[in-house]
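Welcome, and thanks for taking a look at this one. Please have the sequence and the 3D view open side by side as you read.

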Amino acid sequence: MLYLKYAYAANEHISWMEKFLQKGTEITAPVPMAPPGTTGLGGFEVPLSKGSTLRSDASALNVGVLHLVPNLEVFPLLADPKMYEPNTIDLSDHSELEYWFKILSDHLPDLVDKAVASEGGTDDAKRRGDAFARAFSAHLARLMEEPAAYGKLGLAKLLEMREECLREFHFVDAYISIKQRENEASLAVLPDLLMELDSLDEETRLLTLIEGVLAANIFDWGSRACVDLYHKGTIIEIYRMSRNKMHRPWRVDDFDAFRERMLGTGDKKLPPHRRALLFVDNSGADIVLGMLPLARELIRRGTEVVLVANSLPALNDVTAMELPDIVAEAAKHCDILRRAAESGGLIVDAMTNTSDSSKENSSSVPLMVVENGCGGPCIDLRQIILEGMGRALHTNLNAQFKCDALKYIVTALMLF
């Protein structure tokens, strides 16, 4: 892999990866802290809301996110909506049920620690944390005896029940402090990563982007194996190990077909996709160093990009409310992302005249953000990109679509 060097001190040069490693030493497991206030968008102003399709509570919503009222309409690009079953794992199998209940039970103490830390570690937070643990354990015990107690049981519903239970005890975002730290560390090195990518030829850049998405997706606090890795080393050490091991061939490897569709073969060039929906997963390196560079590559090829994220917090998943701030910060260092974000209404350059801005935006395809209506790590459902175990393995692994679809999945087992 080629690393571009940049001046760091008078006679010292380090790569973006080494810089990331330095930043990562500051990221440790939960430190009690109160939820921070709004930090703003730096050099950008937020645009005014437009249209009449917002929810009635639009005054409390984050500008730049398309807040649509969730409904139960079938996703129109499913190949066979009547046969669609999002859950990959059959929880009617008692052994599978026992396995997942053990996973959730074993993960509970760590989740409680982070939930309490997210609320400042106060006595009240500890009391609510204990109450949450008892309540969720009681739900699991009942479901173990009567799996259909709350209706048809699927893994997506089981994981979303855990998040709902957290919210019931007023834990709004258990991983907020970890997400903020990982976002900060990742955004600090994003400009150097983009410089490296821009130095590569087209084919090498495409492969490097995909390897980057896979490597960054290891940052999943919902995986027991990943949590164990975090306890054994720093998060950045894990990323470096993941990056070093993401070389082809992969267990399921369709990169050649993807490369042919994107770059063509010989003199045969296919037109770019009109729009790509990227169902994003985790905060930190996953969204900043994985999915945003991929989105940028699609944009520079003339494809509109829609980042589809959770409506509510779940584990360390990035939410639709958080994405505009992340994109705005990234856009400070990348003209491609800046123009696309302005075109999509995510940001407005405070230093640019409105009429001049509209002229410039007309030459850029937009980058947009929408909610998926979910409050859990799985999803019940142009080019579609599903990223992460929850969206592309635990659910939708077998889903077929009428359009091109990419499914990015990395499991901790791939790292050993």
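What follows is a short tour by topic, from the cores to a few backbone details.

The model you are looking at is predicted. Its largest nonpolar core has 56 residues, and another core, of 31 residues, lies apart from it. Along the way we will meet a helix that is mostly covered, four aromatic pairs and a cis peptide bond from Arg248 to Pro249.

**Nonpolar cores**

- Within the largest nonpolar core, of 56 residues, those with the most contacts are Leu278, Val280, Leu307 and Leu367.
- Helix H10, which runs over residues 285-300, gives the most to this core, contributing 10 residues.
- Leu307 is a good place to centre your view: leaving out residues up to four places away in sequence, Leu307 touches Leu278, Val280, Leu292, Ala295, Leu323, Val327, Leu367, Met368, Val369 and Val370.
- The other core, lying apart from the one around Leu307, has 31 residues, including Leu91, Val112, Val116 and Phe169.
- As general background, nonpolar side chains tend to be buried together in soluble globular proteins.

**Helix H6**

- Helix H6 spans residues 202-216, and its 15 residues reach 21 Å from the first C-alpha to the last, close to the 21 Å expected at 1.5 Å a residue.
- Of the 15 residues in H6, 11 are buried, so the helix is mostly covered.
- The buried set in H6 is Arg205, Leu206, Thr208, Leu209, Ile210, Glu211, Gly212, Val213, Leu214, Ala215 and Ala216.
- At the start of H6, Asp201 places a side-chain oxygen within 3.2 Å of the backbone nitrogen of Glu203.

**Aromatic rings**

- The count of aromatic pairs comes to four.
- Tyr99 and Trp100 form an edge-to-face pair, because their planes stand at 90 degrees, with the ring centres 5.4 Å apart.
- Within that pair, Tyr99 is partly exposed at 48% relative accessibility, whereas Trp100 is buried at 10%.
- Phe132 and Phe136 are stacked, with 6.0 Å from centre to centre and 15 degrees between the planes.
- Both of these residues belong to helix H3 (residues 123-145), and because Phe132 and Phe136 are four residues apart there, about one helical turn separates them.
- Phe132 is buried, with 0% relative accessibility, and Phe136 is buried with a relative accessible area of 0% too.
- Trp250, Phe255 and Phe258 make up one aromatic cluster.

**Charges over rings**

- Arg128 lies over the face of Phe171, 4.7 Å from the ring centre.
- Arg248 has its charged end over the ring of Trp250, at 5.8 Å from the centre of that ring.

**Loops and backbone details**

- The peptide bond leading from Arg248 to Pro249 is cis, its omega being near 0 degrees.
- Pro249 sits in the loop between helix H8 (235-245) and helix H9 (255-263).
- His170 is a residue other than glycine with a positive phi, near 65 degrees.
- You will find His170 in the loop between H4 and helix H5 (176-198), where His170 is exposed at 55% relative accessibility.
- Leu315 is not a glycine either, yet its phi is positive, at about 50 degrees.
- Leu315 lies in the loop between strand S5 (304-309) and helix H11 (323-331), and Leu315 is buried, with a relative accessible area of 6%.

**Links across the chain**

- Leu159 and Leu315 are 156 residues apart along the chain, and their C-alpha atoms are separated by 10.0 Å.
- Leu159 itself is part of helix H4 (residues 155-168) and is buried at 8% relative accessible area.
- Is Ser364 buried or exposed? Ser364 counts as buried, because its relative accessible area of 14% is under the 20% cut-off.
- Ser364 belongs to the loop between helix H13 (354-361) and strand S7 (367-371).
- A polar atom of the Ser364 side chain lies 3.4 Å from the backbone nitrogen of Ala340.
- Setting aside neighbours within four places in sequence, Ser364 contacts Arg339, Ala340 and Ser343.

Conventions. Residues numbered from 1 in each chain as written. Predicted model: local features only at pLDDT ≥ 70, side-chain atom pairs only at ≥ 80, totals over all residues. Heavy atoms only, no water. Helix = DSSP H or I, 4+ residues; strand = E, 2+ residues; numbered from the N terminus. Expected span 1.5 Å × (residues − 1). Buried < 20%, exposed > 50% of the residue type's maximum accessible area, 1.4 Å probe, protein only. Polar contact = N/O pair within 3.5 Å; in protein donor to acceptor, adjacent residues only side chain to side chain. Core = buried A, V, L, I, M, F, W, Y, C linked by side-chain atoms within 4.5 Å. Contact = heavy atoms within 4.5 Å. Phe/Tyr/Trp six-rings, centres within 6.5 Å; stacked < 30°, edge-to-face > 60°. Lys NZ or Arg CZ within 6 Å of the ring centre and 35° of its normal.
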